[in-house]
Protein chains: 2
Amino acid sequence: MATGRSHRPATRSRGIPEATVARLPLYLRALTALSERSVPTVSSEELAAAAGVNSAKLRKDFSYLGSYGTRGVGYDVEYLVYQISRELGLTQDWPVVIVGIGNLGAALANYGGFASRGFRVAALLDADASLAGRLVAGLPVRHIDELESIVADNQVSIGVIATPAGAAQEVTDRLVGAGVTSILNFAPTVLSVPDGVDVRKVDLSIELQILAFHEQRKAGETEGRQEPDGDVPAVMPA
Amino acid sequence: MATGRSHRPATRSRGIPEATVARLPLYLRALTALSERSVPTVSSEELAAAAGVNSAKLRKDFSYLGSYGTRGVGYDVEYLVYQISRELGLTQDWPVVIVGIGNLGAALANYGGFASRGFRVAALLDADASLAGRLVAGLPVRHIDELESIVADNQVSIGVIATPAGAAQEVTDRLVGAGVTSILNFAPTVLSVPDGVDVRKVDLSIELQILAFHEQRKAGETEGRQEPDGDVPAVMPA
DNA sequence: ATGTCTTTGTGAACGCGTGCACAAAGATGG
DNA sequence: CCATCTTTGTGCACGCGTTCACAAAGACAT
């Protein structure tokens with residue numbers, strides 16, 4: 001079996017904590033909104049509120065990038081947008097391929113948040129030959145057999161998997177074989193990849209299950225129906 | 001302004017750490033696969049590999065639920081499926097409404113992972129009156145104005161938002177007003193909700209940005225182009 | 001120039017999550 | 001019934017992430 005790590009042990013990449021990296025896109029989004037409203041500067045307090053985080057955390061996050069603020073004033077919005085974009089690598093163009101053009105794949109292809117942040121959809125791929133040539137988001141769907149040549153020709157390093165679970169591992173292997181080193185996986189499967197390849201997963205039903213857990217807990221507490229709310233181990237009845 | 005927390009401060013709900021809750025759906029998925037292959041028991045080592053986590057972590061996670069394993073043997077697959085399902089609240093039916101039936105909303109409506117885990121789509125809602133009545137995943141799209149009555153009639157407590165960012169907060173307010181207490185947000189916005197309402201967000205472009213960060217880092221290290229890989233602060237050139 | 005006021009940047013403490021390593025528990029075979 | 005072997009359950013230590021609280025820095029007014 002291959003190595004199959006998708007959990008890197010929280011290595012801080014170039015001194016920037018993983019948790020901070022995960023929040024940078026959040027700040028960037030809030031800053032972009034301010035920029036569009038032509039707001040010149042913003043304090044850590046205001047920006048933190050807009051991004052939905054604690055202001056101390058935000059300041060510490062920014063401190064990893066350098067001293068980009070002015071005491072007594074705040075942060076220059078445009079300058080910060082540029083710095084964060086650069087840090088995230090969004091000042092360059094990232095060609096991506098989307099594999100699996102079902103409902104979800106089509107939704108991703110149409111998603112505006114990609115193009116506006118330097119991600120360019122290089123190609124849409126699907127195993128269903130009858131889909132080939134159909135236009136989705138202005139791009140023709142191409143057959144999966146073109147994967148290798150497309151990845152090579154466009155120097156694609158990021159792949160998005162929106163296939164059924166059963167096809168995900170095979171698609172992954174082909175992507176990695178063709179040179180892709182980052183994968184965003186929407187299929188509900190654990191992917192095995194060699195070292196050096198990053199995988200991030202988005203599982204729609206997992207999020208819903210976590211909500212259900214808390215929802216159940218809320219119902220239990222309010223109505224006092226089950227789980228007497230203490231922390232007794234609650235040995236199962238039978 | 002409303003409270004607008006979406007980060008609960010890692011309160012452990014009924015003694016089960018938040019991090020563990022987030023992994024339970026992962027274990028459940030792996031166990032379901034084993035169950036379908038009629039595997040009777042599984043060791044922590046095997047299950048951990050299938051779920052893509054450390055085996056010690058898995059054992060500790062299960063220890064929060066109780067002592068459900070047998071030393072020298074492992075865990076009974078069926079029993080564990082039941083226990084985790086019960087813990088997550090998946091033994092009961094959760095009616096959900098999906099608001100915003102664009103590409104993404106349609107993808108969610110068609111997603112099989114919902115129905116198979118006790119989530120029942122009670123209704124599809126959209127503000128576009130011209131969509132009303134159209135069938136998506138076998139369900140008729142209904143107008144957003146029916147939101148309140150649908151939520152009340154079906155006792156919906158979970159709402160999924162797949163609208164454009166601009167509409168998300170208003171939809172949230174209406175959902176909360178109608179009695180929804182858990183929201184899964186796909187719109188790229190920070191939502192303000194009163195205390196007692198849980199929000200989880202899934203942002204497609206954020207994940208991609210995090211990948212881009214690491215991708216850039218890999219490129220920099222390999223080619224020795226930028227960032228000389230030491231952890232010097234790297235003061236920006238100009 | 002000097003003082004005041006605002007806001008950043010960070011040292012330090014704390015708490016959660018992770019992983020090691022091992023003792024306890026039970027199965028299995030003789 | 002006893003010995004051996006497998007696998008769980010967990011005590012413990014460590015490290016990352018979060019938050020508080022404050023000193024340093026600079027803007028701005030006088």
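# A walk through two chains and two DNA strands

Let us begin inside the protein: B:Ile98 is buried, because its relative accessible area is 0%. Keep in mind along the way that the model you are looking at is predicted. B:Ile98 sits in strand S4 of chain B. What does B:Ile98 touch, leaving aside residues up to four places away in sequence? Its contacts are B:Gly105, B:Leu108, B:Ala109, B:Val121, B:Ala123, B:Leu124, B:Leu125 and B:Val160. Look at the last of these for a moment: B:Ile98 and B:Val160 are 62 residues apart in sequence, yet their C-alpha atoms are 4.7 Å apart in space.

The strands around this residue give some context. Strand S4 (residues 94-99) of chain B is joined to strand S8 (residues 158-161) of chain B by four bridges, and the two strands run parallel. One of the residues to find here is B:Val96, whose bridge partner in S8(B) is B:Ile158. In general, the strands of a sheet pair through backbone hydrogen bonds, and they do so either parallel or antiparallel.

Now step back to see the whole sheet. In chain B, seven strands form an open sheet with mixed pairing, and their order is S6-S7-S5-S4-S8-S9-S10. Strand S6 (135-136) and strand S10 (198-201) of chain B are at the edges with a single partner strand each, so one side of each has no neighbour in the sheet.

How do the two chains relate to each other? A rotation of 180 degrees, with 0.0 Å of shift along its axis, places chain B on chain A with an RMSD of 0.0 Å. The two copies are therefore related as by a two-fold rotation axis. Both copies use the same surface, as 100% of the contact residues of chain B recur in chain A.

Next comes the DNA, starting with strand C. Which residues are closest to DNA strand C? Of the 25 residues that surround this strand, the closest are A:Ser44, A:Tyr75, B:Lys57, B:Lys60 and B:Arg71. Among the atoms of DNA strand C within 4 Å of the protein, 65% belong to sugar or phosphate, and the rest belong to bases.

You can pick out some individual pairs of atoms here. In the side chain of A:Tyr75, an N or O atom is 2.7 Å from a phosphate oxygen of DNA strand C. The side chain of A:Arg71 has an N or O atom 2.9 Å from a base oxygen of DNA strand C. From chain B, the side chain of B:Arg59 places an N or O atom 3.3 Å from a base nitrogen of DNA strand C. Several elements give two or more residues to the surface near this strand: helix H3 (55-65), strand S2 (69-70) and strand S3 (74-76) of chain A, along with helix H1 (18-36) and helix H3 (55-65) of chain B. H3(B) gives the most, with four residues. Sorted by class, the surface near DNA strand C has seven nonpolar, nine polar and nine charged residues.

DNA strand D can be read in a similar way. Around DNA strand D there are 26 residues, of which A:Arg23, A:Arg71, B:Ser44, B:Arg59 and B:Tyr75 come nearest. Of the atoms of DNA strand D that come within 4 Å of the protein, 64% are from sugar and phosphate. A polar side-chain atom of B:Tyr75 is 2.7 Å from a phosphate oxygen of DNA strand D. The bases are reached too: a polar side-chain atom of B:Arg59 is 2.9 Å from a base nitrogen of DNA strand D, and one of A:Lys60 is 3.2 Å from a base oxygen of DNA strand D. H3(A) provides the largest share of the surface near DNA strand D, with four residues. By class, that surface divides into seven nonpolar, nine polar and 10 charged residues.

Finally, compare two residues of chain A. Is A:Thr20 buried or exposed? A:Thr20 counts as buried, because its relative accessibility is 1%. This residue belongs to helix H1 of chain A, and it touches A:Asp61 and A:Tyr64, not counting residues up to four places away in sequence. A:Val73, on the other hand, is exposed, because its relative accessible area is 51%. You will find A:Val73 in the loop between S2 and S3 of chain A. A:Val73 and A:Ser43 are 30 residues apart in sequence, and 6.8 Å separates their C-alpha atoms in space.

Definitions and conventions:
Residues numbered from 1 in each chain as written. Chains lettered and ligands numbered in written order. Predicted model: local features only at pLDDT ≥ 70, side-chain atom pairs only at ≥ 80, totals over all residues. Heavy atoms only, no water. Near = heavy atom within 4 Å. Polar contact = N/O pair within 3.5 Å; in protein donor to acceptor, adjacent residues only side chain to side chain. Nonpolar A, V, L, I, M, F, W, Y, C, P; charged D, E, K, R; others polar. Pairing = 2+ DSSP bridges. Least-squares fit on C-alpha atoms with pLDDT ≥ 70 in both. Contact = heavy atoms within 4.5 Å. Buried < 20%, exposed > 50% of the residue type's maximum accessible area, 1.4 Å probe, protein only.
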